[in-house]
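Colleague: Got a minute to go through this one with me? I'd like to start with the helix packing.

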Amino acid sequence: MVKGRIVVTGGAGFLGSHLCERALNDGYGVICVDNLLTGRLANIAHLMAAEEFAFVECDVADYAYHGGDLVAILHFASAASPADYLRVPVETLLTGALGTRRMLEIARERDARFLLASTSEVYGDPQVHPQPESYWGHVNPIGPRSCYDEAKRFAEALTTAYRGVHGTDTAIVRLFNTFGPRMRAHDGRAIPTLISQALAGEPMTVTGDGLQTRSICYVDDLVEGVFRMLWSDHPGPCNLGSTYEISMLDLARLIRDLVGSDAPIVHVGRPTDDPRVRRPDIALAAKILSWEPSVSMVDGLRSTIRWFAAQSASVIGAPTP
Ligand code: NAD
């Protein structure tokens with residue numbers, strides 16, 4: 001007997017697949033809704049046999065919930081890596097708008113708690129550092145990244161409006177850079193790119209001078225923060241991320257050392273509107289969720305490297321068709 005059902009949109013993606021796993025382990029039935037735009041069935045293959053797990057391949061904007069007992073929606077569907085959303089900017093905007101509206105409607109009809117996965121990108125290239133939730137951001141509304149940033153800003157506004165107009169039980173989390181197993185090697189994000197390059201002994205590409213910083217959070221910590229927020233009654237927005245800030249150049253050197261590679265580090269062009277600094281203020285999460293990351297960056301990188309190494313070993317060892 002499950003405690004209730006949770007819909008996880010984007011459940012076949014990197015974060016979504018970890019959330020599906022956690023919800024099942026916590027005793028909930030899980031419906032994973034994903035159109036496989038950037039997700040993979042391999043991410044949820046180990047869950048398919050579970051009686052209380054269902055996969056629905058569809059666009060979130062078209063999804064209809066027919067079951068009973070819905071307690072929550074974790075709305076994570078969206079292209080997330082710049083390489084992905086730059087490829088499908090219109091779809092990204094519409095997922096943030098129409099997909100979010102559809103899921104909010106379901107939450108309203110079913111009286112379920114709705115949690116929106118927003119992003120640190122709503123702060124744009126920030127002029128306040130670190131970024132507290134009260135900072136309104138510095139986003140270029142017509143820049144190349146705007147399809148993602150503005151989709152999330154619209155989704156936050158729509159979520160807030162549903163709460164105000166319909167009394168829908170909503171929560172917004174603003175996620176900062178997260179990493180771990182099940183990222184795609186070639187999704188364009190720095191960590192999978194650098195790890196794959198180091199493992200292959202290929203030149204490791206750092207954009208610009210590499211002095212731009214990010215704070216990177218291990219996926220297990222992030223999932224814990226999301227579930228604490230889900231079962232709180234706080235509307236957010238609430239930042240979730242690591243406060244340990246590292247430059248991209250230092251990160252590349254650290255990954256190279258952990259892999260034990262002697263790959264050279266090469267500098268390539270920096271993308272337009274790429275933020276120079278990024279670090280969350282997580283005082284709110286500490287206060288309302290008693291949450292802070294507990295996995296060290298090095299431990300998180302080690303387990304991610306092990307996962308990528310195992311993936312490339314299984315590809316190399318696979319029989320040729
Ligand atoms: P991901 O690309 O691995 O996962 C996104 C998933 O959403 C994919 O499985 C994709 O197929 C699915 N999807 C996209 N559009 C869809 C649509 N219209 N209908 C149904 N499914 C759709 O990315 P991720 O890193 O796991 O990110 C998940 C969520 O978390 C995103 O909303 C992203 O904005 C947010 N987020 C992630 C990070 C991070 O560092 N990973 C940081 C901030 C915010």
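Colleague: So, how do the axes of helix H5 and helix H7 come together, and at what angle do they cross?
Modeller: The axes of H5 (residues 190–200) and H7 (residues 248–259) come within 9 Å and cross at roughly 40°. That angle makes H5 oblique to H7; under 35 degrees counts as roughly parallel, over 145 as roughly antiparallel, 65 to 115 as roughly perpendicular, and the rest as oblique. Axes here are lines fitted to C-alpha atoms, for helices over the stretch in contact, with angles running from 0 to 180 degrees between N-to-C directions. Helices (H or I, at least four residues) and strands (E, at least two) are DSSP runs numbered from the N terminus.

Colleague: Before I go on, what kind of model is this, and how are residues numbered?
Modeller: It's a predicted model, where local features need pLDDT of at least 70 and side-chain atom pairs count only at pLDDT 80 or more, while totals for chains, interfaces and linings use all residues. Residues are numbered from 1 along each chain as its sequence is written, and side-chain values use heavy atoms, with hydrogens and water left out.

Colleague: Back to that pair: is the crossing of H5 and H7 left-handed or right-handed?
Modeller: Right-handed, as the near helix is turned clockwise from the far one by less than a right angle (anticlockwise would be left-handed).

Colleague: And which residues of H5 and H7 meet?
Modeller: On the H5 side, Ala190, Ile191, Leu194, Ile195, Ala198 and Leu199; on the H7 side, Met248, Leu251, Ala252, Ile255 and Val259. Contact means heavy atoms within 4.5 Å. The residues of this H5 and H7 contact are 11 nonpolar, no polar and no charged. Ala, Val, Leu, Ile, Met, Phe, Trp, Tyr, Cys and Pro count as nonpolar, Asp, Glu, Lys and Arg as charged, and the others, Gly among them, as polar.

Colleague: What about H3 and H4, what angle do they pack at?
Modeller: About 20°, with the axes of H3 (residues 89–110) and H4 8 Å apart. So H3 is roughly parallel to H4. The crossing is right-handed.

Colleague: Who's in the contact of H3 with H4?
Modeller: Among them, Leu93, Gly96, Arg101 and Glu105 in H3, and Tyr148, Phe154 and His166 in H4. The contact divides into 11 nonpolar, six polar and three charged residues.

Colleague: Switching to the ligand: which residues come nearest?
Modeller: Leu15, Asp34, Thr38, Tyr148 and Lys152, out of 29 residues around the ligand. A residue counts as near if one of its heavy atoms lies within 4 Å.

Colleague: Which polar side-chain atom lies 2.5 Å from an oxygen atom of the ligand?
Modeller: One on Tyr148. Thr95 puts a polar side-chain atom 3.0 Å from a ligand nitrogen atom, and a polar backbone atom of Thr178 is 2.9 Å from a ligand oxygen atom. The cut-off for a polar contact is a pair of N or O atoms within 3.5 Å.

Colleague: Any backbone oddities? Which residue is joined to Pro130 by a cis peptide bond?
Modeller: His129, with omega about -10°. Pro130 is in the loop between strand S5 (113–119) and helix H4 (146–166). The bond from Gly236 to Pro237 is cis as well, with omega near 0°, and Pro237 is in the loop between H6 and strand S11 (238–240).

Colleague: And what's phi at Leu36?
Modeller: Near 60°, which is positive in a residue other than glycine. Leu36 lies in the loop between strand S2 (29–34) and strand S3 (53–57).

How values were computed. A polar contact is a pair of N or O atoms within 3.5 Å; within protein, one must be able to donate a hydrogen and the other to accept it, and residues adjacent in sequence count only if both atoms are side-chain atoms.
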